[in-house]
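The report below describes a structure for a reader who works with coordinates and cut-offs. It turns to strands, a helix, backbone exceptions and empty space.

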Amino acid sequence: MEHWSLLLSIVIGALGIYYYLFKKFNFFKRHGVLHIPPMPVLGVMTPVVFRQISIGEFWQRLYNFRTDAKYYGFYAMTMPIFLVRDPELLKDILVKDFEKFHDRRPLCDVNEPLMNKNLFSLQGSKWQGIRTVLTPAFTGHKMKFMYSLILECAVNFARFASSLAADQNDMDAKEMFSRYTNDVIVTCAFGIKTDTIKNPKNEFYVHGRNGTKFFETFIALLAFLRTFSLARILNLRMVDEKVTKFFLDTVKRVIEKRDAEKIIRPDMLQLLMDTRGKSVAGEELTLEDITAHAFVFYFAGFESTSTTTSFLAYELAAHPDVQAKLRREIDQTLEETNGRITYDVINRMKYLDAVVKETSRMYPPTSFLERVCAKDYELPPALPGEKPFTMKKGMVLWVPIYSIQRDDQYYDQPEKFLPERFLDNVSYENSPYFMSFGLGRRMCIGFRFAMMTIKVLMFHLLARCELKPCAKTSIPLRLEKQSMQMSAEGGFWLSFQARTDVHPALDSAVIDDDAVDP
């Protein structure tokens, strides 16, 4: 009798799983929506989950399924997703009709304050309330203050790189740029000075790396757990408890010090501190809330900025003509300003701006955007002659940033590194063809900060050094298959060689306090 009960349980369980998958994988067919035929359980994610292709190739396969369609469906594991590839429709969704697509799904379903209480994961009025609080931290005025902090870190890095011995100047650029990014974010967000270039074992860098390790290594597992809501059931943590404790203790200590010594800094943490005793979206922010927002600023900026800088350095090394042109602009700027390189001067450098934008076009910090439908929304026919489709609340769409920005309909020779395209009269600002930092009201709040962090470093690094390929440099660059994040196969190995023709005005550029425009 026991055997029959066990067999019956197995059969019922199997039928339940079959019904669940059958129902899930028939969503688009039931609604008559053009879609990519699903694979069992993993949907279209199979080749990237099993590391058979890079994330870039994954997006290109997805994007090129039907180049004549405005959108179509696919299954990310068991989740039905709408892939919207028409730029004008995307502009409507992300800008004009933002109120119907203002949220993304929470990053994970775990009960962790650092992951669930930050700006990235919040939704609705809570997101809007915190976004309003934090926006002033990234205005032009605040960027001018932070410029002096970024400048110190950039000069420190450039001097280190230019002082390397000939047998030590081949380096993993990603590792080095991660150290620089750590120092910038820690000083600008937490008001704490670190020198990770010389001391890579400092607590912030060690705990910061551990805090992002899960996402670098197990991002496919995260997607699986989120799809089936298993993380909470299994009581799994995405961030190590030691990392959580470190950030909570650090923020508490900084707040207590500022309160005791009446220190006021125009940074993000201060803005969060100023909300104490006030209601934000109907609630008063706790220490956990404040720490979560500070942590996500660190987490998001640390990985995306260091990776973009690494791709930029690689492209400059692989394209010596572009690097030479950028160095000429840097030297000319030093000459014209007599070394007074202020925040405004950096922002006026057109070719530097073009190089950074071209890098983020080819290698966007995030390869896609996600939005969740909040209200009924009618999509136009996907193809001529077909019927419109009404998305319902809770349905999800993805925006293929990586592929749109490599589409030859919108960019001439999109696979080539051509910064000059951003010098043309064609404006890509607030355009659905250039969404490296998002589009609309939910675009990356820290994009100005990220751009400034990269620009200041590149100015001072190239004023002192040349970037060249070394024996470990892979040319052409191939995207890593072992990661679902954008990275180079084999790493970003480059040679940092000191220039013999450093402009004499450079020294005054780094010691003139008036040049920081506080």
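## Strands, a helix and empty space

Strand β4 (residues 369–372) is covered on both faces, since Leu 369 and Arg 371 on one side and Glu 370 and Val 372 on the other are all buried. Buried here means under 20% relative accessible area, exposed means over 50%, and partly exposed lies in between, with a 1.4 Å probe and protein chains only. In a regular strand the side chains alternate between the two faces of the sheet. Helices (H or I, at least four residues) and strands (E, at least two) are DSSP runs, numbered from the N terminus.

The model is predicted, so that local features need pLDDT of at least 70 and side-chain atom pairs count only at pLDDT 80 or more, while totals for chains, interfaces and linings use all residues. Residues are numbered from 1 along each chain as its sequence is written, and side-chain values use heavy atoms, with hydrogens and water left out.

**Strand pairing**

Strand β4 belongs to an open sheet of 4 strands in the order β1-β2-β7-β4, with mixed pairing. The edge strands are β1 (71–76) and β4, each of which pairs on one side only, and the twist averages 35 degrees from one strand to the next. For such angles, axes are lines fitted to C-alpha atoms (for helices over the stretch in contact), and the values run from 0 to 180 degrees between N-to-C directions. Two strands count as paired if DSSP finds at least two bridges between them.

The table sets out four strand pairs with one pair of bridge partners or opposite residues in each.

| Strands | Bridges | Direction | Residue and its partner |
|---|---|---|---|
| β4 and β7 (396–399) | 4 bridges | antiparallel | Arg 371 and Leu 397 |
| β2 (79–84) and β7 | 3 bridges | parallel | Leu 83 and Trp 398 |
| β3 (170–172) and β9 | 3 bridges | antiparallel | Met 171 and Leu 494 |
| β8 and β9 | 5 bridges | antiparallel | Pro 469 and Leu 494 |

Leu 494 in β9 is thus listed twice, as the bridge partner of Met 171 and as the residue opposite Pro 469.

**Helix α13 and what follows it**

Helix α13 (residues 241–261) has 21 residues, which at 1.5 Å a residue should span 30 Å, and its end C-alpha atoms are 30 Å apart, in agreement with that value. The expected span is 1.5 Å times one less than the number of residues. Among the buried residues of α13 are Val 243, Phe 246, Phe 247, Leu 248, Val 251, Val 254, Ile 255 and Arg 258.

Just after α13, Lys 262 takes a positive phi of about 55 degrees. Lys 262 is found in the loop between α13 and α14 (268–273), and it counts as exposed because its relative accessibility is 72%.

**Other backbone exceptions**

Most residues other than glycine have a negative phi, and most peptide bonds are trans. Gln 413, which is not a glycine, has a positive phi of about 50 degrees; Gln 413 is found in the loop between α19 (401–404) and α20 and, at 37% relative accessibility, counts as partly exposed. The peptide bond from Ile 475 to Pro 476 is cis, with omega near 0 degrees, and Pro 476 is found in the loop between β8 (465–469) and β9 (493–498).

**A pocket and a cavity**

Where does the model leave empty space? On a 1 Å grid over the protein atoms alone, a cavity is a set of points where a 1.4 Å probe fits but cannot get out, whereas a pocket is an open set with protein on both sides within 12 Å along at least five of seven lines; lining residues have an atom within 4 Å of a point. Grid points are joined across faces, edges and corners, and a volume is the space filled by probe spheres set on the points.

The largest pocket has a volume of about 460 Å³. Its lining consists of 22 residues, of which Lys 357, Glu 429, Phe 447, Arg 448 and Met 451 lie nearest its centre. Two or more lining residues come from each of α17 (343–347), α18 (350–362) and α20 (447–464), and the largest share, 5 residues, comes from α20.By class, the lining of the largest pocket has 12 nonpolar, 4 polar and 6 charged residues, where Ala, Val, Leu, Ile, Met, Phe, Trp, Tyr, Cys and Pro count as nonpolar, Asp, Glu, Lys and Arg as charged, and the others, Gly among them, as polar.

The structure also holds 2 cavities of 30 Å³ or more, and the second largest has a volume of about 50 Å³. Residues lining the second largest cavity include Tyr 314, Thr 473, Arg 478 and Trp 493.
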